[in-house]
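Biologist: Could you take me through one part of this model up close? I'd like the second chain, piece by piece, and then a quick look at how the other chain compares as a backdrop.

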Amino acid sequence: MSSLQTISLSGSKKEVSKKEMTFLEKLYLIAIIKGLWITIKHFFKKKATIQYPDQVRPFSPVYRGRHMLKRDSQGRENCTACGLCALSCPAEAITMKAAERKPGEEHLYREEKYAEIYEINMLRCIFCGLCEEACPKDAIYLTISKELVPAQYHREDFIFGKDKLVMPLEMAIRNTQQNSVN
Amino acid sequence: MKVTIDGQEIEVAPGTTILQAARMIGGESVPPAMCYYSKLEKTGGKCRCCLVEVTKGSDADPRPMPKLVASCVTGCMDGMEVASKSSERVTEARKAVTEFLLINHPLDCPVCDQAGECDLQNLSFEHGKAQSRFIEDKRTFEPENIGDKIQLHMNRCILCQRCVQVAEQLTDYRVHGVLNRGDHAQISTYVAAAIDNDFSGNMIDVCPVGALTDKTFRFKSRVWFNKPFNAHRNCENPECCGKATLWMFGNEIQRVTARKDIYHEVEDFICNTCRFDKKEVTDWVIEGPRKFEKDSVINQNNYTRPMEKVIMNTEKGILEGREQDRKKISMAQIPFNNQKKQ
């Protein structure tokens with residue numbers, strides 16, 4: 001009979017004692033000093049927080065952060081605006097508009113079609129990485145930017161366009177140089 | 001005449017081909033077809049995708065046929081027994097045919113406008129290998145301009161010759177065809193003439209791959225981001241039925257195609273005016289959204305389909321005591337101020 005009344009189904013039930021406090025305990029002096037001691041102790045401990053954009057913690061190899069649209073070894077954009085990332089996105093964060101590559105732009109885009117507009121709404125994005133899995137052109141990555149999405153003051157600032165997403169040209173050049181050395 | 005396909009019996013009229021009989025039955029035993037088109041005459045027999053095994057020739061001659069036969073051009077015989085999906089030889093043959101068709105296909109589906117409604121994509125999804133064994137160079141052609149409405153990508157062509165039959169049978173005079181032979185065979189116009197007939201746009205619809213695509217829709221959107229609607233209009237052209245599928249993005253008509261059935265064959269051909277020039281919503285009477293088969297990518301991200309309600313059957317014993325616990329945790333009966341005093 002007593003079993004269901006006393007046991008806790010959630011496992012977090014605690015018996016509370018209603019013991020009368022002594023005079024010393026009623027003063028709360030000792031309790032305050034005890035509490036303060038814990039606070040003061042933390043002044044001399046190593047800080048748990050870091051100043052993020054200035055200081056960066058080492059990223060785990062399986063982290064997923066800010067997206068980056070990759071360039072190939074010749075500095076051309078890999079993305080062909082096939083729309084599979086937008087299709088696979090469970091949060092529907094990705095929109096794009098395709099355009100045809102014009103003659104003379106072969107050094108900018110790898111295929112005859114490219115993404116004229118490519119936007120990711122970082123407020124909608126849940127960083128699941130399905131866009132990376134879906135990409136047939138090896139274009140979108142959440143792991144190579146080694147960055148998190150920074151804080152902003154306006155909601156519109158979280159819609160990242162190609163200016164923020166495409167890999168910087170210097171990074172592509174550096175990667176190519178490193179690869180040729182190896 | 002009685003025919004049995006994969007164990008399913010059906011009565012057919014004399015002169016029916018095995019493929020047509022299989023389509024009457026429907027379901028999984030329908031062989032895939034790349035070149036055969038029921039609305040066009042003299043199509044079929046080229047792609048070899050629809051190979052089936054005839055295990056019993058007929059009642060009069062019950063011997064099985066030694067080789068696999070192309071079902072789209074083989075007529076039924078009385079008492080014939082056919083194995084399509086159930087035959088391992090057929091599955092192997094389809095795999096081999098798919099591999100052959102993909103030898104020269106550039107596999108540029110991310111760029112191609114046909115992706116999502118491509119017969120070759122569906123075929124290779126079902127029968128294709130994940131890897132290619134072909135290490136030689138693929139056959140390539142110089143890009144060619146065949147007019148301002150139709151885009152030709154010869155590299156993607158599988159030479160089914162459906163478009164040639166469209167030009168033969170629907171338009172007044174044919175200006176394109178298969179030039180050269182063997183590996184050099186290509187669809188082209190004679191001395192780079194532009195294709196501009198009233199019904200030439202139907203080549204886009206009959207093309208099973210992305211070799212002939214709509215230039216007015218080029219790179220505008222992927223097919224699965226468009227919402228297809230059935231619509232009709234009174235076309236001035238007496239031969240045009242005026243019934244089409246509109247591919248809409250919001251209020252914008254991005255593409256107009258003929259209505260296609262479950263075998264991706266058009267129900268009725270439409271004229272070029274309907275297809276290329278009528279891109280305003282006011283031009284059309286919209287009947288309603290068009291349904292597509294369950295597995296089609298066009299149905300992706302479609303939340304309009306009915307969702308089943310989830311019912312959780314919890315055992316009674318687990319729920320025992322939960323009501324008391326909930327009261328104790330949330331303390332709805334005890335006012336907040338009383339709690340403070342204690």
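Modeller: Sure, here is a walk through chain B, followed by a shorter look at chain A.

Keep in mind that this is a predicted model, and every value below is computed from it. Chain B has nine helices and 13 strands, and 35% of its 342 residues are buried. Along the principal axes, its C-alpha atoms take up a box of roughly 95 × 55 × 45 Å. The radius of gyration comes out at 27 Å, whereas a compact globule of 342 residues would sit near 20 Å. If you take the contacts in chain B with a separation of 6 or more, 64% of them involve residues 24 or more positions apart.

Let's start with the sheet. Four strands of chain B make an open sheet, ordered S12-S11-S10-S13, with antiparallel pairing. At the edges you find strand S12 (252-258) and strand S13 (285-289) of chain B; each has a single partner strand, so one side of each has no neighbour in the sheet. From one strand to the next, the twist averages 35°. As for what holds such an arrangement together, strands of a sheet pair through backbone hydrogen bonds. You can follow one pairing in detail: strand S11 (residues 243-249) of chain B runs antiparallel to S12(B), and six bridges join the two. Pick out B:Ala244, and its bridge partner in S12(B) is B:Ala258.

Next, helix H2 (residues 88-103) of chain B. With 16 residues at 1.5 Å each, H2(B) should span 22 Å, and its end C-alpha atoms lie 23 Å apart, which agrees. The buried residues in this helix are B:Val90, B:Arg94, B:Thr98 and B:Leu101. Look down the axis of H2(B) and the buried residues fall within an arc of 80°, so they line one face of the helix. What sits over them? The cover for the buried residues of H2(B) includes strand S3 (51-56), strand S5 (80-83) and helix H3 (119-127), again in chain B.

Further along, have a look at B:Ala167, which belongs to helix H4 (residues 162-170) of chain B. B:Ala167 has 21 other C-beta atoms within 10 Å, and since 20 or more is what it takes to be buried, B:Ala167 counts as buried. Setting aside neighbours within four places in sequence, B:Ala167 touches B:Arg174, B:His176 and B:Ser200. You can also check B:Asn197, which is 30 residues away from B:Ala167 along the chain, with 8.7 Å between the two C-alpha atoms.

Two loop residues deserve a click as well. Most residues other than glycine have a negative phi. B:Leu159 is not a glycine, yet its phi is positive, at about 55°. You'll find B:Leu159 in the loop between strand S6 (150-152) and H4 of chain B. With 18 C-beta neighbours inside 10 Å, B:Leu159 counts as partly exposed. B:Phe219 is another non-glycine residue with a positive phi, this one of about 60°. Its place is the loop between strand S9 (212-214) and strand S10 (227-232) of chain B. B:Phe219 has 20 C-beta neighbours inside 10 Å and so counts as buried.

Now for the backdrop, chain A. Chain A holds seven helices and five strands. Reading from the N terminus, its elements go α-α-α-β-α-β-β-α-β-β-α-α. The radius of gyration of chain A is 27 Å, well over the 16 Å that the globule rule gives for 182 residues, so chain A is more spread out than a compact globule. Its C-alpha atoms fill a box of roughly 90 × 50 × 40 Å along the principal axes. Of the 182 residues in chain A, 19% are buried. Among its contacts between residues at least 6 apart in sequence, 74% join residues at least 24 apart.

One last stop in chain A is helix H7 (residues 169-181). Its 13 residues should span 18 Å at 1.5 Å a residue, and the end C-alpha atoms are 19 Å apart, which agrees. H7(A) is hardly covered, with a count of zero buried residues among its 13. Set that beside H2(B), where B:Val90 and B:Leu101 are among the buried residues.

How values were computed: Residues are numbered from 1 along each chain as its sequence is written. Chains are lettered from A and ligands numbered from 1 in the order in which they are written. This is a predicted model: local features need pLDDT of at least 70, side-chain atom pairs count only at pLDDT 80 or more; totals for chains, interfaces and linings use all residues. Two strands pair if DSSP finds at least two bridges between them. Axes are lines fitted to C-alpha atoms, for helices over the stretch in contact, and angles run from 0 to 180 degrees between N-to-C directions. The expected span of a helix is 1.5 Å times one less than its number of residues. A residue is buried if 20 or more other C-beta atoms lie within 10 Å of its own, exposed if 12 or fewer, and partly exposed in between; C-beta atoms are placed from the backbone. The arc is that of the directions from the helix axis to the C-beta atoms. Two residues are in contact if their C-beta atoms, placed from the backbone, lie within 7 Å. The radius of gyration is taken over C-alpha atoms; the globule rule is 2.2 Å times the number of residues to the power 0.38.
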